[in-house]
Amino acid sequence: MASNATSYKQMKEDFVSGLSGGSVAEINYVTAVGPVAFVLWSILQSRQSFFKSYKPLSILVDFVLNVTAILLAFTLYANNSLLLCGLILAPGMLVYALPPNPVVSRKKPKLPPNAQSQKWAGALSVLSTKPFLTTYRGSMLVTTCLAILAVDFRIFPRRFAKVETWGTSLMDVGVGSFVFSAGVVAARPVLKERAEGRGAPLLQRLTYSMRHSLPLLVLGIVRLISVKGLDYAEHVTEYGVHWNFFFTLGFLPPFVALFQSALKIIPSYAALAILLGVIYQVVLESTSLKAFILAAPRTDLFSMNREGICSFVGYLAIFLAGQDFGMFVLPRSINPRSGTSNVSQRITLLLTMTVWTGIWTVLYFFTTNFTYGAGLDVSRRLANLPYVLWIAAFNSAQLLACCAIESVFFPSFYNAVDAKTEQEAYETATSKVLRSYNRNGLAIFLLANLLTGLVNMTVPTLDVGPSVAMGILVGYAAVLTTAAVVLDTLNISIKL
């Protein structure tokens, strides 16, 4: 019996080992399903107010569009993701052709009749809540949570699972996107400090960052003890013997606090990210570090966890790249010189996002192209420079797509004149499901990890057929979504 358990554990480890991934183009096609589903959701909401009153049918459609469609993209429609996009867009064109619901209004909100009502409604803050950012983060979290369980089933193509050393895959872009999106929202306290004209000293920043780090480090220790204690199948070359993704997330805040001091010399998070990535890549190529990470024997604590420790440099660069994006995405007014009108500010934001998406894409091209560039391979295991640039380019494009869709279907959001009106417009322009995932993202990610472990301990995932696998995955998605929506409905925010 013990022998059978050992052999099955080895089978599971082999199932996710030695993989080489797939093409970047296919990854882009699969992940395009999220923004395409957002287009249909936006048409239903902006034209028919379909999700205005959240009834059972609205909940079901929201779940199908923003969760199930993503699941289908890398399971049943893994080889036909563009077809899935077409099937989603087809009803959207039909709904758009229908006369709009009279309830829908694109008029500018009326100004408050007097100062008292203005005071009651609340003045607008310097940093606004951006619906497209919620959509982007929510969709990214849904994809990540679904993939960490789906990868254990045969219905999930091996080319989408994490590569062994060199190459690109859906799950490789997922882990990097998690860090990039964390960087985007990490710009908020920095922007708030600048708006208030104050700057916290280094010691205070480090103390504040450790408050965010400790819960994540505790989760990392708990996961380590659980995996070892339950003899759970693990992929050692992913992060090392003891290291896991929670440790990477936990060590990011204090290092970011340290790098914030470097802004006095290099006043750009993007420049810091590129510089850090370039230095790391030079060290990899000019020293024995790369050989050490990939082939050294595991003789001590450092060498046992060399992948997680060394790749942290790359993830720090990704976080800084995300923080740079957040510095111009989060403010209400991106550039005072572009005019004060909402339209001009929105055009400036879209142009800025387009430029930065282009910059990251061009840098990635010249770093990886064998004919016109350096010809370097992407490695999530090393978190090398090509990986950093790929993640930055991918997420910039995703954010740009979500921003463009929102600008087309919900332009009135940016006409809000007080906090109450803006909050109502924000809820109108965002999916309840994605908003719920975004609100308690880390808590839902932790729940996803726990449920993934539970499923793997109770179900022989390698032996079940496509129908059973899809049933389990849809049920798992429903449980996660229910938990997220219930927490949001009860106005509960779990901060880890």
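**View 1. Arg-439 is a partly exposed residue, with a relative accessible area of 23%.** Welcome to the first close-up of this predicted model. The side chain of Arg-439 meets that of Asp-488 in a salt bridge, at 3.1 Å from N to O. This pair links distant parts of the chain, since Arg-439 sits in helix 19 while Asp-488 belongs to helix 21 (residues 466-489), 49 residues apart. Is Asp-488 buried or partly exposed? Asp-488 counts as buried because its relative accessibility is 11%, and buried means under 20%.

**View 2. Salt bridges that share partners join three residues into one network.** Look here for Arg-298, Glu-307 and Arg-381, the members of that network. How many salt bridges does the structure hold? The structure holds eleven salt bridges. Side chains of opposite charge can pair when their charged atoms come close.

**View 3. Lys-162 and Glu-238 form a salt bridge through their side chains.** The distance from N to O in this pair is 2.4 Å. Once again, the pair links distant parts of the chain. Lys-162 lies in the loop between helix 7 and helix 8, and Glu-238 lies in helix 10 (residues 236-239), with their positions 76 residues apart in the numbering. Lys-162 counts as buried, as its relative accessibility is 16%. Glu-238 has a relative accessibility of 17%, so Glu-238 counts as buried too.

**View 4. Glu-424 forms a salt bridge with Lys-420.** The closest N and O atoms of these two residues are 2.9 Å apart. Where do the partners lie? Both are in helix 18, four residues apart, which is about one turn of the helix. Glu-424 is partly exposed, with a relative accessible area of 42%. Lys-420 is partly exposed as well, and its relative accessible area is 36%.

**View 5. Four residues make a nonpolar patch on the surface.** Try to find Leu-202, Phe-251, Phe-255 and Leu-258, which together make a patch of about 310 Å². Which element gives the largest share of this patch? The largest share, three residues, comes from helix 11 (residues 245-260). Phe-255 lies in helix 11. With a relative accessible area of 35%, Phe-255 is partly exposed, because that value falls between the cut-offs of 20% and 50%.

**View 6. The largest pocket holds about 1800 Å³ of space.** Rolling a probe the size of a water molecule over the atoms shows where empty space is left. The lining of this pocket is made of 50 residues. To find the centre, look for Arg-137, Val-185, Ala-186, His-212 and Lys-495, which lie nearest to it. Several helices each supply at least two residues of the lining, among them helix 7 (131-150), helix 9 (202-229), helix 15 (306-329) and helix 20 (441-458). Helix 11, the helix of Phe-255, is also one of these suppliers. Helix 8 gives the largest share, ten residues. What classes of residue make up the lining? There are 23 nonpolar, 14 polar and 13 charged residues.

**View 7. The largest cavity has a volume of about 270 Å³.** The structure holds one cavity of 30 Å³ or more. The cavity is lined by 24 residues, and Thr-31, Ser-139, Met-140, Thr-143 and Gln-398 lie nearest its centre. Elements that give two or more residues to this lining include helix 2 (24-31), helix 3 (33-48), helix 4 (56-73) and helix 17 (385-409). Which helix gives the largest share? Helix 7 does, with six residues. By class, the cavity lining has 14 nonpolar residues, ten polar residues and no charged residues.

**View 8. Ala-483 and Phe-312 are 31 Å apart in space, C-alpha to C-alpha.** In sequence, the two residues are 171 residues apart. Ala-483 is found in helix 21, the helix that also holds Asp-488 from the opening view. Ala-483 counts as partly exposed, because its relative accessibility is 24% and the cut-off for buried is under 20%.

Definitions and conventions. Residues are numbered from 1 along each chain as its sequence is written. This is a predicted model: local features need pLDDT of at least 70, side-chain atom pairs count only at pLDDT 80 or more; totals for chains, interfaces and linings use all residues. Side-chain values use heavy atoms; hydrogens and water are left out. Patches are made of residues with over 30% relative accessible area and no salt bridge: like charges are joined within 9 Å, nonpolar side chains (Val, Leu, Ile, Met, Phe, Trp, Tyr) within 5 Å. Accessible areas come from the Shrake-Rupley method with a 1.4 Å probe; for residues, only the protein chains shown count as cover. Buried means under 20% relative accessible area, exposed over 50%, partly exposed in between (1.4 Å probe, protein chains only). On a 1 Å grid over the protein atoms alone, a cavity is a set of points where a 1.4 Å probe fits but cannot get out, and a pocket is an open set with protein on both sides within 12 Å along at least five of seven lines; lining residues have an atom within 4 Å of a point. Grid points are joined across faces, edges and corners, and a volume is the space filled by probe spheres set on the points. Ala, Val, Leu, Ile, Met, Phe, Trp, Tyr, Cys and Pro count as nonpolar, Asp, Glu, Lys and Arg as charged, and the others, Gly among them, as polar.
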